[in-house]
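User: Hello! I have a model open on my screen and would like to understand the reasoning behind some of the labels. Could you walk me through them?

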Amino acid sequence: MPETNFFTAERQRMVDEQLIPRHIRDPRLLDAMRTVPRHLFVPPKVRHLAYADGPLPIGQSQTISQPYIVAYMTELLDLQGDEKVLEIGTGSGYQAAILAELAREVYTIEQHPPLARRAARTLELLGYRNVHVLTGDGSRGLPEHAPYDAIIVTAAAPHIPQTLLDQLADGGRLVAPVGGEQGQILQRWQREGQSFLAENLAPVAFVPLRGQFGWQTKEWS
Ligand code: SAM
């Protein structure tokens, strides 16, 4: 079987065995998960594990999240197709590609320049024209392009900074893992005018968010 057919089959299997049984239902999201070539976002030495049911190392002590967690967090954003989305923690660029399949425009920010460069190159090679990769401290958000209809934080924050909530459009959703080294809870926030409603959803395990509103290395090395 040619390599491309092999990976297409692996993606279909990932959706059938990891996502549908765990109640991921949005048909557009399931299509995106069947479409985006996850194996091109991971380093060659772990490519054979790209569609396995877990996170993988991507360099700089960082990880690409488990496919199910990518799908679950994305589903919580409730994207319909016309949104402007901010992702904090580009990593490999895989989550940004999934968002780009489902929303109008994606801004994604990464603290490590080598990861940002590699993600931008992969996204460009795959033809994603609606993703903007930036390098810097995303814990402050990206006020110059706010407001966002959805914000996704893909690293564990000590708390949700007010500055991020302020960058949500009215009705906008923010999804983030909140907590420390011992574990975190996935939270979804929704803005209604000047009110912010928070829900605690599921226990998760992420690498730390750094930067001004993130964990300092003396708190989480
Ligand atoms: N979404 C990524 C993907 O699809 O591969 C996985 C993200 S990884 C779990 C978390 C990422 O957040 C890491 O690449 C890390 O360098 C980044 N990060 C941590 N703190 C950050 C900050 N303050 N600003 C921007 N990126 C940050």
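User: Which element gives the most to the shell around the ligand?

Analyst: In this predicted model, that is β2, with three residues. The elements that give two or more residues to the shell are β2 (62-64), α4 (94-102) and β4 (105-110).

User: What makes a residue count as near the ligand?

Analyst: One of its heavy atoms has to lie within 4 Å of the ligand. There are 26 residues around the ligand, and Glu 87, Ser 92, Glu 110, Gly 138 and Arg 210 come nearest. By type, the shell divides into eight nonpolar, 14 polar and four charged residues.

User: How do you know that Glu 87 makes a polar contact with the ligand?

Analyst: The cut-off for a pair of N or O atoms is 3.5 Å. A polar side-chain atom of Glu 87 lies 2.8 Å from a nitrogen atom of the ligand, so the pair is within that limit. Asp 137 qualifies too, with a polar side-chain atom 2.9 Å from a ligand nitrogen. For Thr 154, an N or O atom of the side chain is 3.3 Å from a nitrogen atom of the ligand, therefore this pair also passes.

User: How much of the ligand does the protein bury?

Analyst: Taken alone, the ligand exposes 610 Å², and the protein buries 99% of that. The ligand sits in the largest pocket.

User: Thanks! Moving on to α3, what makes this helix mostly covered?

Analyst: Ten of the eleven residues in α3 (residues 67-77) are buried. Among them are Tyr 68, Ile 69, Val 70, Met 73 and Leu 76. After α3 comes Asp 78, whose phi is positive, near 55°.

User: Why is Ala 157 called buried?

Analyst: Buried means under 20% relative accessible area. Ala 157 has 1%, so the label fits. You will find Ala 157 in the loop between β6 (148-153) and α6 (162-166). Its C-alpha atom is 29 Å from that of Arg 47, and the two residues are 110 apart along the chain.

User: And why does Gln 187 count as buried?

Analyst: The relative accessibility of Gln 187 is 13%, and the cut-off is under 20%, so Gln 187 counts as buried. Gln 187 has its place in strand β8 (residues 183-192).

User: What makes the pairing of Gln 187 and Asn 200 a polar contact?

Analyst: Their side chains are joined at 3.0 Å, and the limit is 3.5 Å, so the distance fits. Within protein, one atom must also be able to donate a hydrogen and the other to accept it.

Technical notes: Residues numbered from 1 in each chain as written. Predicted model: local features only at pLDDT ≥ 70, side-chain atom pairs only at ≥ 80, totals over all residues. Heavy atoms only, no water. Areas by Shrake-Rupley, 256 points an atom, 1.4 Å probe, with all protein chains shown as cover. 1 Å grid on protein atoms, 1.4 Å probe; cavity = no way out; pocket = protein on both sides within 12 Å on 5 of 7 lines; lining within 4 Å. Sits in = over half its atoms within 2 Å of the grid points. Helix = DSSP H or I, 4+ residues; strand = E, 2+ residues; numbered from the N terminus. Nonpolar A, V, L, I, M, F, W, Y, C, P; charged D, E, K, R; others polar. Buried < 20%, exposed > 50% of the residue type's maximum accessible area, 1.4 Å probe, protein only.
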